[in-house]
Amino acid sequence: MRTMRLAAATAIVGAAVALSGCGPSPWALQSPSPSASAPAPSSSAPVVVAPPVENDLSSGSTQRDLTAGAVKAAVNYWSELRMDRWTPNAVKPVSLSLVTTITPNDGQKVYLQKATMLAVPANATETFPALDPQTDEATVKNGYLVLKPYSYSQTFNVGQVPESATYVTLQFTFDFLVQTKPKSDEYAKQTATDTVTVAIAAQAASGTDG
């Protein structure tokens with residue numbers, strides 16, 4: 001019996017020697033820690049870049065072709081104030097010139113009775129109350145003659161807008177009177193509308209508009 005125990009002990013010692021001679025033991029082979037095998041994932045959130053603000057006057061001016069019944073109006077818009085000075089507190093002028101044609105042209109005249117601008121400030125998430133509308137209403141009979149080559153010009157002003165506004169939408173309305181036939185005292189009323197979007201520049205740190 002004692003001989004069998006000695007034999008078993010000898011076998012265990014031999015197995016241990018064999019294992020030590022073949023390399024590290026299995027229990028010594030541990031998986032490397034995550035920090036050693038690969039860099040830890042970044043915890044910073046992805047950067048969200050806001051889309052650029054639309055600006056129809058970014059090139060200095062814009063022209064639109066409008067249609068009101070038989071009347072076609074070519075309108076050009078621009079501003080004498082540089083775009084980087086279109087800050088919330090600045091007085092921001094918008095000028096326009098307008099001329100019309102009519103089809104068929106049988107000699108009847110086209111008059112502009114009234115031009116109106118409504119400015120609505122906004123940003124990407126909020127639309128603010130509109131500013132008071134500005135209107136130029138003709139003080140002559142029938143209105144201003146705007147049939148080519150005669151044109152109409154006017155300047156409206158966009159006043160103070162909220163500090164958080166990033167753009168302003170300018171809604172224009174043009175009311176025309178069109179003779180039904182040459183020398184007639186009968187007229188048809190036609191209305192054309194248009195929208196111009198202008199970016200608002202960030203307010204200067206000093207609070208002035210330069």
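Guide: A strand here is a DSSP run of E with at least two residues, and strands are numbered from the N terminus. In this predicted model, asparagine 142 lies in the loop between S5 and S6.

Visitor: What makes asparagine 142 stand out in that loop?

Guide: Its backbone angle. Asparagine 142 has a positive phi of about 75 degrees, although it is not a glycine. Most residues other than glycine have a negative phi.

Visitor: Where is lysine 183, and what is its phi?

Guide: Lysine 183 sits in the loop between strand S8 (167-179) and strand S9 (187-199). Its phi is positive too, about 65 degrees, and lysine 183 is not a glycine either.

Visitor: Why is lysine 183 called exposed?

Guide: Let's set the value against the cut-off. Exposed means over 50% relative accessible area. Lysine 183 has 82%, so it counts as exposed.

Visitor: And why is asparagine 123 called buried?

Guide: The same kind of reasoning works here. Buried means under 20% relative accessible area; asparagine 123 has 12%, so the word buried applies. You will find asparagine 123 in the loop between strand S4 (110-122) and strand S5 (134-137).

Visitor: Which residues does asparagine 123 touch?

Guide: Leaving out residues up to four places away in sequence, asparagine 123 touches Phe128, Ser164, Ala165, Thr166 and Tyr167.

Visitor: How do you know that the side chain of asparagine 123 makes polar contacts with backbone nitrogens?

Guide: By distance, to begin with. The side chain reaches the backbone nitrogen of threonine 125 at 2.9 Å and the backbone nitrogen of glutamate 126 at 2.7 Å. A polar contact needs a pair of N or O atoms within 3.5 Å, one able to donate a hydrogen and the other to accept it. Both distances fall within that limit, so each pair passes the distance test.

Visitor: Which peptide bonds are cis?

Guide: One is the bond from threonine 103 to proline 104, with omega near -5 degrees. Another joins lysine 148 and proline 149, where omega is about 15 degrees. Most peptide bonds are trans. Proline 104 is in the loop between strand S3 (92-102) and S4, while proline 149 is in the loop between strand S6 (144-145) and S7.

Visitor: How many cavities of 30 Å³ or more does the structure hold?

Guide: The structure holds 1, and the space in the largest cavity is about 30 Å³.

Visitor: What makes it a cavity rather than a pocket?

Guide: In a cavity, a 1.4 Å probe fits but cannot get out, whereas a pocket is an open set of points.

Visitor: Which residues line the largest cavity?

Guide: Met117, Leu118, Ala119, Leu131, Asp132, Gln134, Asn157, Val158 and Gly159. S4 and strand S7 (152-158) are the elements that give two or more residues, and S4 has the largest share, with 3 residues.

Visitor: Why is Gly159 counted as polar in this lining?

Guide: The classification puts Gly among the polar residues, so Gly159 goes there. The lining then divides into 5 nonpolar, 3 polar and 1 charged. Asp counts as charged, so Asp132 falls in that last class.

Visitor: What does the whole protein look like in secondary structure?

Guide: It comes to 2 helices and 9 strands, in the order α-α-β-β-β-β-β-β-β-β-β along the sequence. Buried residues make up 33% of the 210 residues.

Notes. Residues are numbered from 1 along each chain as its sequence is written. This is a predicted model: local features need pLDDT of at least 70, side-chain atom pairs count only at pLDDT 80 or more; totals for chains, interfaces and linings use all residues. Side-chain values use heavy atoms; hydrogens and water are left out. Helices (H or I, at least four residues) and strands (E, at least two) are DSSP runs, numbered from the N terminus. Buried means under 20% relative accessible area, exposed over 50%, partly exposed in between (1.4 Å probe, protein chains only). Contact means heavy atoms within 4.5 Å. On a 1 Å grid over the protein atoms alone, a cavity is a set of points where a 1.4 Å probe fits but cannot get out, and a pocket is an open set with protein on both sides within 12 Å along at least five of seven lines; lining residues have an atom within 4 Å of a point. Grid points are joined across faces, edges and corners, and a volume is the space filled by probe spheres set on the points.
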